[in-house]
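Hello,

Here is the structure I promised to pass on to you. Have a look at it first, and then read on for what turned up.

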Amino acid sequence: MKGKIKFAVVGCGHIGKRHAEMVVRNEESELVALIDIKPQSELGIEKYNVPLFNSIDDFLNSGIECDVINIASPNGFHAEQSLKCLDAKKHIVVEKPIALSKLDAEKVIFKALHAHKHVFAVMQNRYSPPSVWIKELIESEKLGKIYMVQLNCYWNRDDRYYKKESWHGKKDLDGGTLYTQFSHFIDIMYWLFGDIQNIQAKFNDFNHATLTDFEDSGFVSFDFVNGGMGALNYSTSVWNQNLESSMTIIAENGSVKIGGQYMNEVEYCHIKDYEMPVLAPTNPGNDYGAYKGSAANHHYVIENVVDVLKGRAPITTNALEGLKVVDIIERIYNLK
């Protein structure tokens, strides 16, 4: 593509506005429209000075030229809206998760293949310096055989987050704790170590019975198809504030732990004949009022979209990887 890449964003909540902001800041992209069912007066989007449409159909019928549509609506709408945009022959950027079922994710991929359009799955934590470093380390095979991987995700989500008027916590729109809170970390695990099998799980709902339609905590164990065993321990029942998101790797030639609130710090690295490099600082987390979300790396997502459409780079997170994250979560939840 020549000239600026034209973007529209569906959903003007915290994440949608972040997409819009990153598009505006990118010199090779242009924001042409925003789409949300709420009136402009409730959205705080005046600064973008672009038309606001009440639906994707209204936007598509407007005749405004557009190359890419970013879908940042509630999770339960992702697949349906992706299919509509692909039908209109638009590339799409889809916030995690790309769907709430493997079947719906497959429908999106099938449609994209037939429309000859790209699906960019948003997993921006891959861009954080510790993630880039650990990926290179795993691929170098300096750790040798992987023995054990433990993923701990302990966050706070309470009535400040699960508000009655919000889609958060509603089964059909949210999907569950693993989809909305922790799919980023499952993506990192899959990216590093591949698929899982022999899954066993235990779930509980400690303090969200009046707030959500699903569990707030779980213990999950499994084997990696490529060898080694793993565990995912997660909860949103932590009091008042996030505790950590961490990954500990025990391997043949050493051990590594990445921690912090969103796996943004290397806390331990002891590997045979290896000296750890100095990493660039990680961007601070997205701050949604009382809540910290994932690492604030959406600008890398937009840069990758532009690079791909201009023929300069491959997709960082493709649709098949987005599907595998949905598949893993669905298989875990099917054990309930």
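Gly 194 comes right after helix 8, and its phi is positive, near 85 degrees. Please keep in mind that this is a predicted model.

Helix 8 itself covers residues 183-193, and 11 of its 11 residues are buried. Among them are nonpolar residues such as Phe 185, Ile 186 and Trp 191, but Ser 183, His 184 and Asp 187 are buried too.

Phe 193, the buried residue at the end of helix 8, also belongs to the largest nonpolar core, which has 69 residues. Phe 193 is listed there with Phe 59, Ile 134, Leu 143, Leu 178, Leu 232 and Met 247 as the residues with the most contacts inside that core. What does Leu 232 touch, leaving aside residues up to four places away in sequence? Its partners include Ile 186 from helix 8, along with Leu 151, Cys 153, Leu 178, Phe 222 and Ile 332. A second, separate core has 24 residues, including Cys 12, Val 23, Val 301 and Leu 309.

There is also a helix pair to look at. The axes of helix 4 (residues 102-115) and helix 10 (residues 319-333) come within 9 Å and cross at roughly 170 degrees. Angles over 145 degrees count as roughly antiparallel, so that describes helix 4 relative to helix 10. On the helix 4 side, Lys 102, Ala 105, Glu 106 and Ile 109 make the contact; helix 10 brings Ala 319, Leu 320, Leu 323, Val 326, Asp 327 and Glu 330. By class, that makes 6 nonpolar, no polar and 4 charged residues.

Enjoy exploring!

Conventions: Residues are numbered from 1 along each chain as its sequence is written. This is a predicted model: local features need pLDDT of at least 70, side-chain atom pairs count only at pLDDT 80 or more; totals for chains, interfaces and linings use all residues. Side-chain values use heavy atoms; hydrogens and water are left out. Axes are lines fitted to C-alpha atoms, for helices over the stretch in contact, and angles run from 0 to 180 degrees between N-to-C directions. Helices (H or I, at least four residues) and strands (E, at least two) are DSSP runs, numbered from the N terminus. Angles under 35 degrees count as roughly parallel, over 145 as roughly antiparallel, 65 to 115 as roughly perpendicular and the rest as oblique. Contact means heavy atoms within 4.5 Å. Buried means under 20% relative accessible area, exposed over 50%, partly exposed in between (1.4 Å probe, protein chains only). A nonpolar core is a set of buried Ala, Val, Leu, Ile, Met, Phe, Trp, Tyr and Cys residues joined through side-chain atoms within 4.5 Å.
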